[in-house]
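Me: I'd like to understand the labels people put on a structure like this one. Could you walk me through the reasoning behind them?

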Amino acid sequence: ITKILKTKTEGFIDTFTIYYDDSTEESFELLNGKHTARDYNLFLYSYYMPEPEPKVERVDLPFSSGSIDLTEATGIVPYKDREGLEFKFILKDGNAENFANIVQSLSMFLHGKYLKMIVDHDTSYYYMVRLNVDPKKTNARNSEIVLTGVADPFKYNLLASNEPWEWNPFSFVSGVIQDTSDITVNGEKEIEVMAGGIPTCPEFYVSKIETTLSVVFDDITYKFASGAGSYRFPQIRISGDDAVIKFVGKGKVSLAYRGRFL
């Protein structure tokens, strides 16, 4: 073995690739997530997930009435982080020794770390959070463990448009199935991206260009001028409406779009 690298992450699964000195490769998968009930025997009885506060920016002009609201100067409302997250759990097997072991194990896994979090009633999305085991609110006598912390302003589609969907944890209510990976372009190729939420710039991964290759959005053409690689165009933003993306030229490209929501 010459090296082992993590090459892909999908949901709770990390894919690792083993590279051998004879140039052969082999992959294996590992579960990277924990579930508070299944792994720690914790019962969630209360939680608080606040909405993000808008970053309101008003400029007061001398000698004039009122003020100028610049909050949406960039075209969208900016938001602060979700401060004040709180999750309250009861340990089902609450003897003192087991309680101490669970607190230690949970702290080693998440305390102060920036992690992806999926809540059981909303499994089509994830939050990026930084949680702590709160020592002031955690109570051994009541077998109560409390996590507090902060999250990014938005929740995100569990799967991006170029990632393969799976039956579990797919939701028939809010789940979205689309495939924008390995798009072969030979002349012109149009695809429709199912959009949602906050305006977001998709990322384009060009794997092959045989002649030239460009993307057209709102009748404006953007050329993949540097050959194979990753591209992002600030002018291409997908938001609340489904978007039609057209590729022109000859080559192969993947489009990665992940919706963001409040």
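Reply: Happy to. Keep in mind that this is a predicted model. A good place to begin is Glu57: leaving aside neighbours within four places in sequence, Glu57 is in contact with Ile68, Asp69, Leu70 and Thr71.

Me: What makes those four residues contacts of Glu57?

Reply: The test is heavy atoms within 4.5 Å. Ile68, Asp69, Leu70 and Thr71 are listed as contacts of Glu57, so each of them meets that limit. Glu57 itself sits in the loop between β4 (42-48) and β5 (58-60). As for Ala73, its C-alpha is 9.3 Å from that of Glu57, with the two positions 16 residues apart in sequence.

Me: Why is Glu57 called partly exposed?

Reply: Its relative accessibility is 46%. Buried would need under 20%, and exposed would need over 50%. The value for Glu57 falls in between, so partly exposed is the label.

Me: And Leu70, why does that one count as partly exposed?

Reply: The argument is the one just used: Leu70 has a relative accessible area of 38%, which lies between the 20% and 50% cut-offs. Leu70 is placed in the loop between β6 (67-69) and β7 (82-91).

Me: What makes Leu70 eligible for a nonpolar surface patch?

Reply: A patch residue needs over 30% relative accessible area and no salt bridge. Leu70, at 38%, passes the area test. Together with Leu61 and Ile68, Leu70 makes a nonpolar patch of about 220 Å².

Me: How do you know that Asp69 and Arg58 form a salt bridge?

Reply: Their closest N and O atoms are 3.0 Å apart, and the limit is 4 Å. The pair is therefore within the cut-off and counts as a salt bridge. Since Asp69 lies in strand β6 and Arg58 in strand β5, the pair ties together parts that are eleven residues apart in sequence. Both partners are partly exposed: Asp69 has a relative accessible area of 42%, and Arg58 is at 47%.

Me: Why can such side chains pair at all?

Reply: In general, side chains of opposite charge can pair when their charged atoms come close.

Me: Why is Glu86 called buried, while Lys88 is called partly exposed?

Reply: The 20% line separates them. Glu86 has 18% relative accessibility, so it counts as buried, whereas Lys88 at 25% counts as partly exposed.

Me: How do you know that Glu86 has salt bridges to Lys88 and Lys137?

Reply: For Lys88 and Glu86 the closest N and O atoms are 3.8 Å apart, and for Lys137 and Glu86 they are 2.5 Å apart. Both values are within 4 Å, so both pairs qualify. Lys137 lies in the loop between β9 (125-133) and β10 (144-157) and Glu86 in strand β7, so that pair ties together parts 51 residues apart in sequence. Lys137 is partly exposed, at 38% relative accessibility. Salt bridges with shared partners join Glu86, Lys88 and Lys137 into one network.

Me: How many salt bridges does the whole structure hold, and what is the wider setting?

Reply: The search finds nine salt bridges. The chain has two helices and 16 strands, and buried residues make up 38% of its 262 residues.

Technical notes:
Residues numbered from 1 in each chain as written. Predicted model: local features only at pLDDT ≥ 70, side-chain atom pairs only at ≥ 80, totals over all residues. Heavy atoms only, no water. Helix = DSSP H or I, 4+ residues; strand = E, 2+ residues; numbered from the N terminus. Buried < 20%, exposed > 50% of the residue type's maximum accessible area, 1.4 Å probe, protein only. Patch = residues over 30% accessible without salt bridge, like charges linked within 9 Å, V, L, I, M, F, W, Y side chains within 5 Å. Areas by Shrake-Rupley, 256 points an atom, 1.4 Å probe, with all protein chains shown as cover. Salt bridge = Lys/Arg side-chain N within 4 Å of Asp/Glu carboxyl O.
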